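The following questions and answers go through one protein chain step by step, and each answer gives its reasoning before it ends on what was asked for.

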Amino acid sequence: MFSPDDELTPGQAADLLNVSRSYLDRLLEQGDIPARNRGGQCRLRLRDVLEYKERSQRLRARCLDALTAQAQDLDMGY
């Protein structure tokens with residue numbers, strides 16, 4: 001069983017998000033997901049990774065809804 005305060009390595013976080021490690025590194029550099037160094041190693045809280053994933057999914061759904069509405073307005077047959 002996992003706790004929301006469990007820590008992940010960047011590789012584990014990338015796997016959980018289904019993104020490449022280099023893309024995760026960009027997210028960390030941009031501050032989209034907080035991270036900390038523990039003993040010289042980068043660690044991310046499971047809670048923060050799951051919150052990012054939820055935010056990303058909500059944004060994706062809003063964008064798809066907007067595209068669908070636009071396609072309907074333009075009578076594109078959708």
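Q: Is glutamate 7 buried, partly exposed or exposed?
A: Buried means under 20% relative accessible area and exposed means over 50%, with partly exposed in between, as found with a 1.4 Å probe on protein chains only. Glutamate 7 has a relative accessible area of 24%, so this residue counts as partly exposed.

Q: How far should the details of this model be trusted, and what kind of model is it?
A: Residues are numbered from 1 along each chain as its sequence is written, and side-chain values use heavy atoms, with hydrogens and water left out. Local features need pLDDT of at least 70 and side-chain atom pairs count only at pLDDT 80 or more, while totals for chains, interfaces and linings use all residues, for this is a model that is predicted.

Q: With which residue does glutamate 7 form a salt bridge whose closest N and O atoms are 2.6 Å apart?
A: A salt bridge is a side-chain nitrogen of Lys or Arg within 4 Å of a carboxyl oxygen of Asp or Glu. The closest N and O atoms of the pair are 2.6 Å apart, and the partner of glutamate 7 is arginine 36. The pair links distant parts of the chain, with glutamate 7 in strand 1 and arginine 36 in strand 2, 29 residues apart. At 44% relative accessibility the partner counts as partly exposed, and its name is arginine 36.

Q: Which residues are linked with Glu7 in a network of salt bridges?
A: The structure holds five salt bridges. The network that includes Glu7 also holds Arg36 and Arg38.

Q: How far is arginine 43 from the nearest side chain of opposite charge?
A: Arginine 43 is found in strand 3, residues 41-45, where strands (E, at least two residues) and helices (H or I, at least four) are DSSP runs numbered from the N terminus. Lys and Arg count as positive and Asp and Glu as negative, while His and the chain ends are not counted. Arginine 43 is buried yet has no salt bridge, and the nearest side chain of opposite charge, glutamate 7, lies at a distance of 4.9 Å.

Q: In what order do the three strands of the open sheet lie?
A: Two strands pair if DSSP finds at least two bridges between them, and two bridges join strand 1 to strand 3, which run antiparallel. One bridge partner in strand 3 is leucine 44, which faces leucine 8. The edge strands are strand 1 and strand 2 (36-38), each pairing on one side only. The sheet has antiparallel pairing and the order 1-3-2.

Q: Within what arc do the buried residues of helix 1 fall?
A: In helix 1 (residues 10-17), the buried residues are Pro10, Ala13, Ala14 and Leu17. The arc is that of the directions from the helix axis to the C-beta atoms. Seen down the axis of helix 1, these residues line one face, because they fall within an arc of 100 degrees.

Q: What phi does asparagine 18 take, just after helix 1?
A: Most residues other than glycine have a negative phi. Asparagine 18 lies in the loop between helix 1 and helix 2, and at 71% relative accessibility this residue counts as exposed. Although asparagine 18 is not a glycine, its phi is positive, at about 60 degrees.

Q: About how many helical turns separate glutamate 54 and arginine 58?
A: Glutamate 54 forms a salt bridge with arginine 58, the closest N and O atoms being 2.8 Å apart. An α-helix has 3.6 residues a turn, so residues three or four places apart point the same way. Glutamate 54 and arginine 58 are four residues apart in helix 3, and therefore their separation is about one helical turn.

Q: Which residue forms a salt bridge with aspartate 25?
A: Aspartate 25 and its partner both lie in helix 2, four residues apart, about one turn of the helix. The closest N and O atoms are 3.1 Å apart, and the partner is arginine 21.

Q: How many disulfides does the structure hold?
A: A disulfide is a pair of cysteine sulfur atoms within 2.5 Å. Cysteine 42 is partly exposed at 22% relative accessible area, and cysteine 63 is partly exposed at 40%. The number of disulfides in the structure is zero.
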